[in-house]
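Grab a pencil and work through a few short exercises with me. Try each task yourself before you read its solution.

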Amino acid sequence: MNATCPHCSAANQASARFCESCGKAMPGAAAGPRVIGAKEFATSGAGRDLQLQQLAKQARSVTVTLFALSGLQFLGCVIFAAIWSTSRAGSQAKATALVISMTVGIIAVIFTALAAWSRRNPLPAAIVGLVLLISLWTIDVISNPATAAQGWIIKVAIIAALARAIQAGMKHRALKRELDGDGQPAFA
Amino acid sequence: MDQALADPRVVPVPARFCAQCGTPAPTGDAPCPRCAVRAAIPAAPVIANVPLNGALILYFALLAVIAAGFIAGAVLDDRFSPGAGVRIDFWITGILSAVTAVACLPAWRYLAAPLATLGHRRWYLVAPALSLLTVAVGTLAMRALGLIASLPSVDYSRQYLDAGYSWLVPVLLVAVQPAVFEELAFRGVIGSAMQRVLGPRDAVIVTALLFATIHLSPASFPHLFVIGLALGYLRHRSGSLYPGMVLHFCHNGLVLLLEYLGV
């Protein structure tokens, strides 16, 4: 079955959306909505935009995790500062509490900075967050091996959340690069 | 039709347009370049994470060796002579160097260029000058933190001299080895992987943060991050790993010199 192009009168197939002879849109395609099947949706422009949005959302989920971690560290800093202020002056406990409070405070500031960075740029912040967290847990295990197994469920959950955000961020970047290199949209 | 084609006033136009997307298609039976490309893109992009995975594996391998060194030092030092701590240091330094060297092999095609070039000679003046700044920043940072809380004093050379070794040993282990192998690991393997994944600016920041983290010293983190930024900047601007090695060597060497002078 043939369709005639209204612009140049060339004969085209009935399923053609554009005239093969002059390249202008055929009336059948323009008149009704363009129906895309589920399989084609993934590779269409709208499908890829949706994928980009979903991946960006997953990557940004790292912000919540990093802010939560920084909140916990600040809490720890405040607790040790309280211990320092209430300890007997000149005691070993007082000096130790101050050092720990300062240390945890520095770590809290780092995590807050990472969380703020992740709002604009989630992937590098997630990578650094994951590495920093595992390194800190390593220091914990070295200084106090008995704490190795404490809270392992939460630790695994946090690592999984950060790893998922890194994966999503990498896919987002790769997909974006692919689409940017692919050229302009075909439809006017 | 033939007359129209033979007429020199007729401008030839593409004989075909793609019926699906309207893009001018090449003549003949060649497929539409746009539709063919779009059809070739898989629905779920398969991302090769190899560069990032390799960098993270190297980082965690180095971290594991350092952690093992700390644990061995804590366990063995109490029972044996003070020389045991130094021998553990030798082992750990050797293993770290070996791990880094092995990691350079799969990353060789990214390391070959920055290792093959020396970069402009001006970077070899900038590097020692920058090291004065980095040592000043580090010393001030530690003194400032020390005013707030009593931090344990760190002496990089004392344990080697006490064990009877000459000054050459701390120079090799504290100044030369980190300058070469930490630069190969961080600005080399990890830095090139981050650059491919994140772009140059984010790669310098992330590599500096990782560099500061692996030293496992929260009190030193701020100034180590600044030093890491300086090293990453040198690597990026010079295109070579050697100016960073010079800066690293000068920084660590100056720290040893200040220890020797008792400052």
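Four exercises follow, each with a worked solution.

Some ground rules come before we start. This is a predicted model, where local features need pLDDT of at least 70, side-chain atom pairs count only at pLDDT 80 or more, and totals for chains, interfaces and linings use all residues. Residues are numbered from 1 along each chain as its sequence is written, chains are lettered from A and ligands numbered from 1 in the order in which they are written, and side-chain values use heavy atoms, with hydrogens and water left out.

**Exercise 1.** Find how far helix H10 of chain B reaches from its first C-alpha to its last, and set that against the expected span.

*Solution.* Start with the term: helices (H or I, at least four residues) and strands (E, at least two) are DSSP runs, numbered from the N terminus. Next, count: H10(B) covers residues 221–238, which is 18 residues. The expected span is 1.5 Å times one less than the number of residues, and here that comes to 26 Å. The helix reaches 25 Å, close to that value. Finally, look just past the end: Gly239(B) follows, with a positive phi near 75°.

**Exercise 2.** Which residues have a positive phi although they are not glycines?

*Solution.* One is Ser9(A), with a phi of about 65°. Ser9(A) sits in the loop between strand E1 (2–4) and strand E2 (11–13) of chain A. Another is Leu216(B), at about 55°, in the loop between helix H9 (200–214) and H10 of chain B.

**Exercise 3.** Decide for Ser9(A) and Leu216(B): buried or exposed?

*Solution.* First, the cut-offs: buried is under 20% relative accessible area, exposed is over 50%, and partly exposed lies in between (1.4 Å probe, protein chains only). Ser9(A) has 56%, so it is exposed. Leu216(B) has 12%, so it is buried.

**Exercise 4.** Which residues touch the most other members of the largest nonpolar core?

*Solution.* A nonpolar core is a set of buried Ala, Val, Leu, Ile, Met, Phe, Trp, Tyr and Cys residues joined through side-chain atoms within 4.5 Å. Of the 72 residues in the largest one, the answer is Phe111(A), Leu114(A), Ile127(A), Phe186(B), Met194(B) and Leu210(B). Helix H5 (residues 122–143) of chain A gives the most to this core, with 11 residues. Then spot the second, separate core: it has seven residues, including Val86(B) and Tyr160(B).
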